[in-house]
Amino acid sequence: MIRGVALVLICAALALVPYFYRLELQARIEPGPQADAQVPPSPAETPGSGSERPGPVEGLQLDAPGPEDPPGGSLEVVDGDDLFALVTKQTTLGQYKPHDLEVIPEKMIHPDQRQWPYLLRREPLEQLTKMWEAAEADGVLLTVTSAYRDYATQERLFNEYAAAYGEEEASTFSARPGQSEHQLGTTLDFDPRGGKAGWDWLEENAHHYGFALSYPDAQAITGYIEEPWHYRYIGVAAAREWKESGLVLCEYLKLLQHRSAQQPVFNSSILKDPFR
Ligand SMILES: [Zn+2]
């Protein structure tokens, strides 16, 4: 009898192990409200993303390593209201905060990440809405896993990664505060449902709605690992020209800067930009 009771107790204890393990795991991956975490798509869902790096549990987008920051804080300060602002390891947005952030409708957010509001600037949100509906009509569910992230949130996340991985390693997959395109309020991470078809839809259509892929498989140019989920809004005209050019986004943005410095050669239709 006693042996029987002991056996039942042991079985019950064993049955609870996965439950406690799950609680512990959740505690580790849940950043808490305001964190604007994203869970990057798994390599299996992400064509061409490779599996060479472990990838953060929650997703900081990777604003890349590239060359190290200039020593002594000599970063170029860029204006976040510039739709084409070059956001790199050599520049900083400082404490920039967009003035027209709006809440992304919950249906567009990844079902596992609806605990807190996700924000985006007004124009990219209008275009996101059009894109989301077009995808839905084509049978693809685009889900957003990260949107606007403020300076303080990025600072906290980077510090968490630095504590876990060391600062140097962390800087290869997490932007330092002031250096994330997510601080612009124009940048999104997606996790399209439907496997390869979903990813293909995004790649083939995003530019028609003004969204450009920031980090393709071009680490030699960007200094960043590939991030097929990370898209930045640059306006429809510019995004279409970017796509046609075949340039990596940072190269294209430099080209635009070069052009705008050389008025009247500049094609004004490309800079037609409500944020200016
Ligand atoms: Zn991102």
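Here are some short exercises on this predicted model, each with a worked solution.

**Exercise 1. Get your bearings**

How many helices and strands does the chain have, and what share of its residues count as buried?

*Solution.* Start with the parts list: there are eight helices and eight strands in the chain. Next, go to burial: 49% of the 276 residues count as buried. Finally, look at how far contacts reach. Take the contacts between residues at least 6 apart in sequence, and 69% of them join residues at least 24 apart.

**Exercise 2. Put the strands in order**

Work out the order of the open sheet of four strands, and say which strands sit at its edges.

*Solution.* First, the order: reading across, you get β5-β6-β8-β7, and the pairing is antiparallel. Second, the edges: β5 (144–146) and β7 (211–213) each pair on one side only, which makes them the edge strands. Third, the twist: ignoring direction, neighbouring strands here are turned by 45° against each other on average.

Now zoom in on the pairs. β6 (residues 187–190) and β8 (residues 230–233) pair over three bridges in the antiparallel sense. In that region, T187 stands opposite R232 of β8. β7 and β8 are also antiparallel, again with three bridges. Here A212 has R232 as its bridge partner in β8. R232 therefore turns up twice: opposite T187, and as the partner of A212.

**Exercise 3. Check the faces of β8**

Which residues of β8 point to each side, and are they buried or exposed?

*Solution.* Sort the strand by side. H230 and R232 are on one side, Y231 and Y233 on the other. Then check burial: all four are buried, and both faces of β8 are covered.

**Exercise 4. Test the length of α2**

Do the arithmetic for helix α2 (residues 122–137): what span should it have, and what does the model show?

*Solution.* Count residues: α2 has 16. At 1.5 Å a residue, that should give a span of 22 Å. The end C-alpha atoms are 23 Å apart, so expectation and model agree.

Next, place the helix. α2 lies across β5, β6, β7 and β8, and runs at about 85° to β7. Its buried residues are E123, P124, L125, Q127, L128, M131, W132 and A135. After the helix comes G139, with a positive phi near 85°.

**Exercise 5. Find the cover over α5**

Which residues of helix α5 (residues 195–205) are buried, and what covers them?

*Solution.* Begin with the buried set: G198, W199, D200, W201, L202 and N205. Then ask what lies over these residues. The cover includes α2, β6 and β8.

**Exercise 6. Describe a helix crossing**

Describe how α7 (residues 236–245) and α8 (residues 249–260) pack: what are the angle and the axis distance?

*Solution.* Take the geometry first: the angle is about 115°, and the axes are 10 Å apart. The crossing is right-handed. Now the residues: α7 brings A238, E241, W242 and S245, while α8 brings L249, Y252, L256 and R259. Sorting this contact by class gives five nonpolar, one polar and two charged residues.

**Exercise 7. Three buried residues**

Explain why G80, Q183 and R121 all count as buried, and say where each one sits.

*Solution.* The cut-off you need is under 20% relative accessible area.

- G80 is at 4% relative accessibility, so it counts as buried. G80 is in the loop between β1 (76–77) and β2 (91–92). Beyond its neighbours within four places in sequence, G80 is in contact with L93, Y96, R121 and L184. G80 and L93 are 13 residues apart along the chain, with their C-alpha atoms separated by 6.2 Å.
- Q183 has a relative accessible area of 1%, so it is buried too. Q183 sits in the loop between α4 (167–170) and β6. Leaving out residues up to four places away in sequence, Q183 touches L93, G94, Q95, Y96, P98, Y148, R149, Y151 and G178.
- R121 comes in at 0%, so it also counts as buried. R121 belongs to strand β4 (residues 119–121). From R121 to Y233, the C-alpha distance is 9.8 Å, although the two are 112 residues apart in sequence.

Definitions and conventions. Residues numbered from 1 in each chain as written. Predicted model: local features only at pLDDT ≥ 70, side-chain atom pairs only at ≥ 80, totals over all residues. Heavy atoms only, no water. Helix = DSSP H or I, 4+ residues; strand = E, 2+ residues; numbered from the N terminus. Expected span 1.5 Å × (residues − 1). Buried < 20%, exposed > 50% of the residue type's maximum accessible area, 1.4 Å probe, protein only. Axes fitted to C-alpha atoms, helices over the stretch in contact; angles between N-to-C directions. Left-handed = near helix turned anticlockwise from the far one by under 90°. Contact = heavy atoms within 4.5 Å. Nonpolar A, V, L, I, M, F, W, Y, C, P; charged D, E, K, R; others polar. Pairing = 2+ DSSP bridges.
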